[in-house]
Amino acid sequence: MQDETLTPAARPIRSRLASLRRHPLALPAALTVLVAVTPLFLASSYHYRIAALVLIFALACLGLNLLMGYAGQISLGHAGFMGIGAYAVAIGPAHLGLPSWLSLLAGAALSALVAFIVGRPILRLKRHYLAVATLGFGLLIAIVLTNEAEFTGGPDGMAVERMQLFGWTAKGTVTWYWISAITFLLGAKLALNLIDSPTGRALRAIHDGEVAASVLGVDVARKKLAAFVLAAVYASVAGSYLALFNGHITPDVAGFLRSIELVAMVVLGGMGSILGSLVGTAVLVVLPQTLTVLHDYEHMVLGLIIICIMIFLREGIVPTLAAALGARRS
Amino acid sequence: MWSWKMPVAGVCAGLAMLLAGGEAFAEIKIGSVLSVTGPASFLGDPEKKTLEMYVEAINAAGGVNGEMLELVVYDDAADPNAARTFATRLVEQDEVVAVVGGSTTGSTLAMAPVFEEAEIPFISLAGAIQIVEPVRQWVFKTPHTDTMACEKIFTDLKERDLTSVALISGTGGFGKSMHAQCKKVAPDHGITIVHEETYGPRDSDMTPQLTNIKNADGVQAVVNPGFGQGPAIVTRNYRQLGISLPLYQSHGVASKQFIELAGDAADGVRLPAAALLIADKLPDGDPQKPVVVSYKQTYEEKTGQDVSTFGGHAYDGLMILIEAAKRAGGFEPAKVRDEIEKTSGFVGTGGVVNMSPSDHLGLDLSAFRMLEIESGDWTLVE
């Protein structure tokens with residue numbers, strides 16, 4: 001976020017920055033510095049909580065961005081996978097006696113499996129049809145979580161045990177800030193590696209034109225499925241973290257509104273931009289907190305700001321600003 | 001390429017100004033997180049209006065022990081994750097001394113650990129029994145529970161010598177929770193549940209389920225735990241099928257709206273409800289009468305809307321807190337907590353509250369009145 005908001009005084013070094021930007025390690029390094037420096041500005045556990053939430057949702061958005069921004073497929077049911085991950089760490093320890101970390105992994109594996117099975121038929125659909133199918137999938141998960149009250153506690157949700165690793169209990173906002181920060185960095189690095197791999201190029205080819213991609217020898221169905229499964233795993237881990245962080249989980253985590261929120265975060269930050277996933281999430285998590293001073297008008301202003309961003313920063317915050325900087329340079 | 005800059009800069013400057021303007025002054029801060037918007041706004045909206053109205057009135061009357069109150073309300077839009085964030089914010093940023101809020105059970109349970117850790121008294125306005133069972137040291141609640149509604153219905157059934165009942169429940173949060181509670185307490189009251197049916201929150205016809213009940217053996221009465229328009233449809237279908245068994249609805253539909261939706265079919269339906277609903281019809285000697293009549297008048301005058309029991313829960317929560325603070329001689333959280341726990345004989349809109357270290361709700365079955373609908377209006381069953 002910070003390297004995009006250059007002040008006029010920083011202009012002379014911009015050209016050097018621009019060339020640095022092309023270095024393959026530039027973004028991971030910048031992100032690492034960002035999450036390492038952020039705690040200096042966090043005064044209370046409330047701030048840490050907001051920061052941790054940003055990173056957790058950004059993790060889910062990273063995966064969704066691979067699917068939307070690179071493979072060009074939409075998912076309006078992505079919170080369903082967050083729900084699977086969240087309830088895995090809730091149900092695993094409570095009903096099956098599994099440790100939290102194993103439940104988290106099991107949740108991710110289950111999400112991958114579900115995505116694999118569901119993705120096959122669903123990803124054959126295109127545009128609105130795909131949107132509606134994924135939407136249905138998300139609703140389905142939310143309904144199951146709401147109705148299977150014996151396991152999930154129903155609409156009121158259930159308590160989630162703290163995660164324990166080798167006798168150490170993960171609790172407190174500062175701890176969770178670092179856990180989610182490290183995971184986000186790993187997730188971002190993984191996503192960057194994928195983008196620079198043949199798979200990433202194949203995904204972008206699909207994004208630009210499915211027919212062209214298949215003519216070039218890309219196994220379109222397989223690559224799309226791979227992106228979908230990967231996105232599901234990201235969301236599942238994010239859901240698990242959210243549940244472990246909050247200590248209580250309700251079916252809202254898998255709800256339709258949450259899915260829309262994830263898509264909004266990706267679109268707002270910038271499709272096909274790793275940094276965009278973080279920026280979009282930060283905007284949508286932090287803004288509602290700052291806008292509470294407006295009382296009854298907060299939702300109106302939030303909507304207005306989002307509309308303005310989409311009008312004036314059409315490609316999403318990060319890509320538009322990056323393009324603006326690039327245009328100045330040349 | 002400069003066009004994007006101005007609006008963004010404008011928005012940023014605006015935000016900065018707002019944040020700066022949000023600085024507070026030294027008053028006793030009472031926090032609240034309510035579902036003012038979103039799917040549970042029917043709870044949060046009257047709760048918020050009630051809290052604001054009465055905090056204003058208390059301040060106008062000179063505050064509590066000479067100290068003025070400031071109410072900090074956040075809207076969680078029924079999202080427990082947001083509720084928890086706001087709970088942290090109330091503790092860390094606003095440094096509130098007590099919290100009255102939590103419209104939904106999900107939000108309340110998500111927030112409870114925050115206030116437990118911060119050692120701030122928290123009076124919840126949500127229904128489920130899990131909030132106070134097991135007892136959490138710093139958490140209290142004012143609304144009666146589903147269990148009590150079931151018990152009230154079962155007590156009434158016993159008096160009519162009816163022991164075999166069928167349940168037809170909505171699958172929404174309310175119906176589900178009450179269904180489970182009714183099944184749990186039925187044996188204690190000598191009631192046998194001989195048949196169970198469910199319907200979705202948005203179903204528009206319950207004739208098939210009711211036909212099953214009609215054909216089931218040995219059903220003597222039907223109980224319908226549910227919320228929203230479902231119970232009204234059940235009631236209509238019930239009459240259409242010509243079922244003559246007594247029908248019990250839950251406190252979830254204790255509003256005029258239910259009678260309007262169900263029409264003539266509602267006649268003869270019984271349901272447990274808080275005294276607030278029949279404020280005018282209470283006998284003069286009733287201990288709750290002055291409280292409920294006064295609250296109803298104040299609320300309806302100020303807001304121009306019909307009074308709801310949910311706003312009443314907020315009234316009870318705030319008043320229990322204020323009384324405790326008066327007894328404690330200030331808003332020292334630990335002392336206030338101890339005093340809330342000692343609340344006894346407090347007459348609220350929900351009933352007479354007698355708390356104890358093992359009971360952080362403090363209501364008994366007398367909090368519910370059994371009503372019967374007669375030609376489109378409530379009557380008190382004695």
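**Reading contacts, bridges and rings in a two-chain model**

Guide: At 42% relative accessibility, R327(B) counts as partly exposed. Keep in mind throughout that this is a predicted model.

Visitor: How should I read such a percentage, and what cut-offs stand behind the words?

Guide: Under 20% is called buried, over 50% is called exposed, and values in between are called partly exposed. The value for R327(B), 42%, lies in that middle range, so R327(B) is partly exposed.

Visitor: Which residue forms a salt bridge with R327(B)?

Guide: The partner is E339(B), and the closest N and O atoms are 2.9 Å apart. This pair links distant parts of the chain: R327(B) belongs to helix α11 (residues 309–328) of chain B and E339(B) to helix α12 (residues 333–341) of chain B, 12 residues apart.

Visitor: Is E339(B) buried or exposed?

Guide: E339(B) has a relative accessible area of 16%, so E339(B) is buried. Its side chain also meets that of K342(B) in a salt bridge, at 3.8 Å from N to O. K342(B), at 54% relative accessibility, counts as exposed.

Visitor: Which residues do salt bridges with shared partners join into one network?

Guide: R258(A), E261(A) and D79(B) are joined in this way. Within that network, the side chains of R258(A) and D79(B) meet in a salt bridge of 3.0 Å, N to O. The count of salt bridges between chain A and chain B is one.

Visitor: How many salt bridges does a search of the whole structure find?

Guide: Over all chains, the search finds 17. One of the pairs is D377(B) with K256(B), whose closest N and O atoms are 3.0 Å apart. D377(B) lies in strand β14 (residues 377–380) of chain B and K256(B) in helix α9 (residues 256–262) of chain B, so this salt bridge ties together parts that are 121 residues apart in sequence. As for accessibility, D377(B) is partly exposed at 27%, and K256(B) is partly exposed at 38%.

Visitor: Let us turn to the two chains. How is the size of an interface given?

Guide: It is often given as the accessible area lost when the parts come together. Here, the area buried between chain A and chain B is about 3100 Å², and carbon and sulfur atoms give 60% of it. On the side of chain A, the residues Y46(A), R49(A) and D156(A) supply 18% of the area that this chain buries against chain B, more than any other three residues.

Visitor: How many residues are in contact?

Guide: On chain A there are 37, in contact with 36 residues of chain B.

Visitor: How many residue pairs are in polar contact across the interface?

Guide: The rule finds 11 such pairs between chain A and chain B. Several helices of chain A each supply at least two residues of the side that touches chain B, including α3 (45–70), α11 (220–246) and α14 (298–312). The most comes from α3(A), with seven residues. Sorted by class, the side of chain A that touches chain B has 17 nonpolar, 12 polar and eight charged residues.

Visitor: What describes a pair of aromatic rings?

Guide: Two quantities do: the distance of the centres and the angle of the planes. This structure holds 14 aromatic pairs over all chains. Take Y48(A) and Y177(A): their ring centres are 5.6 Å apart and their planes stand at 80°, so the pair is edge-to-face. Y48(A) is in helix α3 of chain A and Y177(A) in helix α8 (residues 173–195) of chain A, so the pair ties together parts 129 residues apart in sequence. Both Y48(A) and Y177(A) are buried.

Visitor: What angle lies between the planes of F115(B) and F122(B)?

Guide: The angle is 50°, with 4.9 Å from centre to centre, and this aromatic pair is tilted. F115(B) counts as buried at 0% relative accessibility, and F122(B) likewise counts as buried at 0%.

Visitor: Which residues do ring pairs link into a cluster?

Guide: In chain B, ring pairs link Y54(B), Y295(B), Y299(B) and Y315(B).

Visitor: One last residue. Where is K296(B) placed, and is K296(B) buried or exposed?

Guide: K296(B) is in helix α10 (residues 289–303) of chain B. With a relative accessible area of 18%, K296(B) is buried. Leaving aside neighbours within four places in sequence, K296(B) is in contact with L276(B), A279(B), D280(B) and V307(B).

Conventions:
Residues are numbered from 1 along each chain as its sequence is written. Chains are lettered from A and ligands numbered from 1 in the order in which they are written. This is a predicted model: local features need pLDDT of at least 70, side-chain atom pairs count only at pLDDT 80 or more; totals for chains, interfaces and linings use all residues. Side-chain values use heavy atoms; hydrogens and water are left out. Contact means heavy atoms within 4.5 Å. Buried area is the accessible area (1.4 Å probe) that two parts lose on being put together, summed over both. A salt bridge is a side-chain nitrogen of Lys or Arg within 4 Å of a carboxyl oxygen of Asp or Glu. A polar contact is a pair of N or O atoms within 3.5 Å; within protein, one must be able to donate a hydrogen and the other to accept it, and residues adjacent in sequence count only if both atoms are side-chain atoms. Helices (H or I, at least four residues) and strands (E, at least two) are DSSP runs, numbered from the N terminus. Ala, Val, Leu, Ile, Met, Phe, Trp, Tyr, Cys and Pro count as nonpolar, Asp, Glu, Lys and Arg as charged, and the others, Gly among them, as polar. Rings of Phe, Tyr and Trp (its six-membered ring) pair if their centres lie within 6.5 Å; planes under 30 degrees apart count as stacked, over 60 as edge-to-face and the rest as tilted. Buried means under 20% relative accessible area, exposed over 50%, partly exposed in between (1.4 Å probe, protein chains only).
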